[in-house]
2 protein chains.
Amino acid sequence: MSLRLLLVAVAHARLAPIRQRAASLRGGADAAWDALRAHVAADIESTHLRDLLRDDARNAALTFACGDITLDCSRQRATVETLRLLAALGEARGVAAKRDAMLRGDLVNESEGRAALHTALRAPRGAAPVLVDGADVHAAIHDTLDRAYAFAGKVRAGGVGSTGKMLTNVVAIGIGGSCLGPECVYEALRSEPAAQAAAAGRSLRFISNVNPAMAVAGHFCAVSSDVEKAANFGVEPDNVFGFGDYVGGRFSVHSPVGALPLALHFGPSIFRKFLEGARACDDHFASAPLEENLPVLLGLFGAYNSAVLGFPCRAVLPYAQALSRFPAHVQQLDMESNGKSVASDGSALAGDAGEIIFGEPGTNGQHSFYQLMHQGRAVPAEFIGFCESQRPAHAKGRPLSCHDELMANFFAQPDALAMGDVDEAHPERACPGNRPSLSLLLPRLDAYHVGFLVALYEHRVAVQSFLFGNNAFDQWGVQLGKVLAGRVADALGDAAEAAALNSSTRGLVAAYRRHARASIEAVASGS
Amino acid sequence: MSLRLLLVAVAHARLAPIRQRAASLRGGADAAWDALRAHVAADIESTHLRDLLRDDARNAALTFACGDITLDCSRQRATVETLRLLAALGEARGVAAKRDAMLRGDLVNESEGRAALHTALRAPRGAAPVLVDGADVHAAIHDTLDRAYAFAGKVRAGGVGSTGKMLTNVVAIGIGGSCLGPECVYEALRSEPAAQAAAAGRSLRFISNVNPAMAVAGHFCAVSSDVEKAANFGVEPDNVFGFGDYVGGRFSVHSPVGALPLALHFGPSIFRKFLEGARACDDHFASAPLEENLPVLLGLFGAYNSAVLGFPCRAVLPYAQALSRFPAHVQQLDMESNGKSVASDGSALAGDAGEIIFGEPGTNGQHSFYQLMHQGRAVPAEFIGFCESQRPAHAKGRPLSCHDELMANFFAQPDALAMGDVDEAHPERACPGNRPSLSLLLPRLDAYHVGFLVALYEHRVAVQSFLFGNNAFDQWGVQLGKVLAGRVADALGDAAEAAALNSSTRGLVAAYRRHARASIEAVASGS
């Protein structure tokens, strides 16, 4: 192992839950859902998107902005009346009140008796206090952030490891939210000129594994919501960076989980810009009227497509190779948050809260699964594009820049999905169209806008949970698998335990053990 | 640019189609679908998987093998009777006859008047002739393969570029199938000991872009089904590697598309093993009885889950980080092939042929979207595991190896999905279970088994298309987007063209152009 290496181990403690149910906030919402369903049956079902798109006033009314960021919802299967009914649904479901409760630190994660305060991670110094157990969380957050920045600064200024060599290579070890978020941001920024210059001569790698072997203790630092446990693991206390249990793994990329590896690699000032972008989105989410509020609109249309129009999936399609891991990040953020069937009060949900999310960068996706989206099943799609390229290039003799050619596809695909094309002589070429999508156009793919984008998707997830009534911040569904894995692990070491498995699992485990035995024998006999 | 660099540009020519429809092969199949539906209504719908799994004889009857590869279908929502009805469906749909027609080079890609002969790519020298336009394809395939191996061997033996430096770094430029397959195989093998040793000191990178700039001509080679076009592009004729138009992009990883970059990086002998594994799967597919035929069983259960049980999605979950790009490869292979709504004869399909495919390596997925699979929507899942680790490790003091701990999860998750768990006091913790999955256990993740796995998924895609009746080998749905992108590209350079766009696209394009103008002005004024 290179001794220029610094290992960052990241873990999220799962504390024992405190049950504390709030009174149900449901109520008049059923009427709002019913009104939407009636509207769809009367006005939407029989109307093709190519006809809706003929109405310029409607198109303009379904296009929104936050500063220089545009959200075009005109290719949703919606009219101005749909938007009015969606706003009424938001009203009936108390979206604004629930948002405010989340932002001020109420215990909105009811099944675990916790707040969900990822927004506090990026609040400025001197922000209005947010109390958890009577204490303002901002001080602790800024304290840890300062320590992480100082640590990163020291390492970056030529800090040496236990063998006297400069530390230039960072390996971040983590799983789920401890990996997907930071890896996504790393990929997004490593080709961005300012971030790339700041990372010159350095490397950052991510490892997800079930049981990493321990390395040189002095080269280990840890990020955990359970500081004591990390210290017990053998990491020097100065090298442990904590965060509150009010930050879930999938919402933690703005915490030390992201701050430590990303500030080590790109430097604190790039990470500060990443926080600033998220903060701008937080401010917009907190203050913009619901019917002009980007994350609220995304949540409303998400719920509309899934629960009213009945689409089970959603595609996230960034037109930027640098966002190659953004779909995987959103997949975790959204599916782990809203992949639930019960409301916070324990009652069954009226519909499935969460969709199945998938995606790849648009250019590769177009030559891959878009075929199905055009001619097979309809999948509501979210196109994400940028006005500027991270690396402008213009091939000699071509009328357009490379980025213009890429963006021509970004502009064209939503129309191909919406408009479709008839070919009566060649039925295999016909595209039915009427497939909804929305387009998000941002000025450039830098640290600030990546921060904004991540926060935008965090908030849309919360909004969608407000609309359905589920708790977006727990993840009890992953527990059963862990318990059963423990049982199988016992069985792998103990034949009596193996006999207790069901016959199907027993058969597979036997095949696995047989192979292991055969390969050990092959090694022993020198074959 | 490093002059140690060799650029491999890969493109698939899309020739003008020849329409040549075969007579419809449908017929008695409707009765077979109906029988399955009746069986589900009577025997399956009200039966929980945890009850089905109590029957040891059933579990054994639903577990299959091809050599040392196990396919466990006992966690499908199926009985022995289901299997019998699925085999009858396969019979009624003429799966064996269609398979044979594909393998012998019939024009099964009817809308383009082409064969689908990816299997010929890995046939041994001296295999029974497969004729296309009267000539045996094997000679041309082996001739090109020999040239690719010789070229790779020369470069790897110390071949120098135009500046006299050794060529050690390869950049493969391609999109869709010209990228996803080779990239998937590269990722799968780069940590495999034999492949890694063979690639020491070399690098291979993949670029997908819409318009790569041309580099030093002498450092360019090309893989194309249109050899003339590649030569016209300026590539030296000796550096052009062709393949027949009977190989579609998504089926091309065993062609020079994969052979050139992978043999340059890992050497010809590793690539030969990759072909051997695929050939073993081809032989099994061609000769095993349908009810023991792994790709046929995968196709039958795929069709059953999607068209009879009504699940729109399928998750591909490899328990190996090295297979991180396998889900993206399968996503293209499957969704581009079967994402269709019309049969080969132009009639509408009875149901959606293709599912929406997504996935991530199991360890990260468990801490991500599995939550939704356990407690939200049901998603049929395909678990892929290996008996041996590519890099065995055993942490000091732990009873199990790292690989055993990983595999404990591989064995446990299918049970968690199938069995579920009731928690009446805590409804938010309950998992309903009854979620189908299947498990594929292979001995090890080496070139041979990656080849087998890729071919296995290729053939399952074909089988599923045989069952539904669609043409798996064309992709007309991607054409409309290309045409519209051309129109937008014109509009980006010409205001008159822009005026002809619909108001929604016009609005977005205007925002894009406004930003470009503003940033040019900002540069001009030095701000």
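Begin by selecting chain B together with chain A in this predicted model, and display the contact zone between them, where 109 residues of chain B are in contact with 109 residues of chain A. Putting the two chains together buries about 9,600 Å² between them, and 62% of that area lies on carbon and sulfur atoms. Within chain B, select next R377(B), L508(B) and Y512(B), the residues that lose the most area to chain A, although together they make up 8% of what that side buries.

For the polar side of the interface, show the side chains of E360(A) and R325(B), which meet in a salt bridge with an N to O distance of 3.0 Å. Across the interface of chain B and chain A, the rule finds six salt bridges, while the count of residue pairs in polar contact between the two chains, with both residues at pLDDT 80 or more, is 36. Moving on to secondary structure, select helix α16 of chain B, residues 402–419, which with 14 residues gives the most to the side of chain B that touches chain A. If that whole side is coloured by residue class, 46 nonpolar, 39 polar and 24 charged residues appear.

Finally, turn to the relation between the copies: a rotation of 180° with 0.0 Å of shift along its axis superposes chain B on chain A, with an RMSD of 0.0 Å, and the two copies are thus related as by a two-fold rotation axis. To locate this axis from chain B, centre on F358(B), whose C-alpha is the nearest to the axis in that chain, 3.1 Å from it. Why do the copies meet through the same surface? Because 100% of the interface residues of chain B are also interface residues in chain A.

Terms used: Residues are numbered from 1 along each chain as its sequence is written. Chains are lettered from A and ligands numbered from 1 in the order in which they are written. This is a predicted model: local features need pLDDT of at least 70, side-chain atom pairs count only at pLDDT 80 or more; totals for chains, interfaces and linings use all residues. Side-chain values use heavy atoms; hydrogens and water are left out. Contact means heavy atoms within 4.5 Å. Buried area is the accessible area (1.4 Å probe) that two parts lose on being put together, summed over both. A salt bridge is a side-chain nitrogen of Lys or Arg within 4 Å of a carboxyl oxygen of Asp or Glu. A polar contact is a pair of N or O atoms within 3.5 Å; within protein, one must be able to donate a hydrogen and the other to accept it, and residues adjacent in sequence count only if both atoms are side-chain atoms. Helices (H or I, at least four residues) and strands (E, at least two) are DSSP runs, numbered from the N terminus. Ala, Val, Leu, Ile, Met, Phe, Trp, Tyr, Cys and Pro count as nonpolar, Asp, Glu, Lys and Arg as charged, and the others, Gly among them, as polar. Copies are superposed by least squares on the C-alpha atoms of residues with pLDDT of at least 70 in both.
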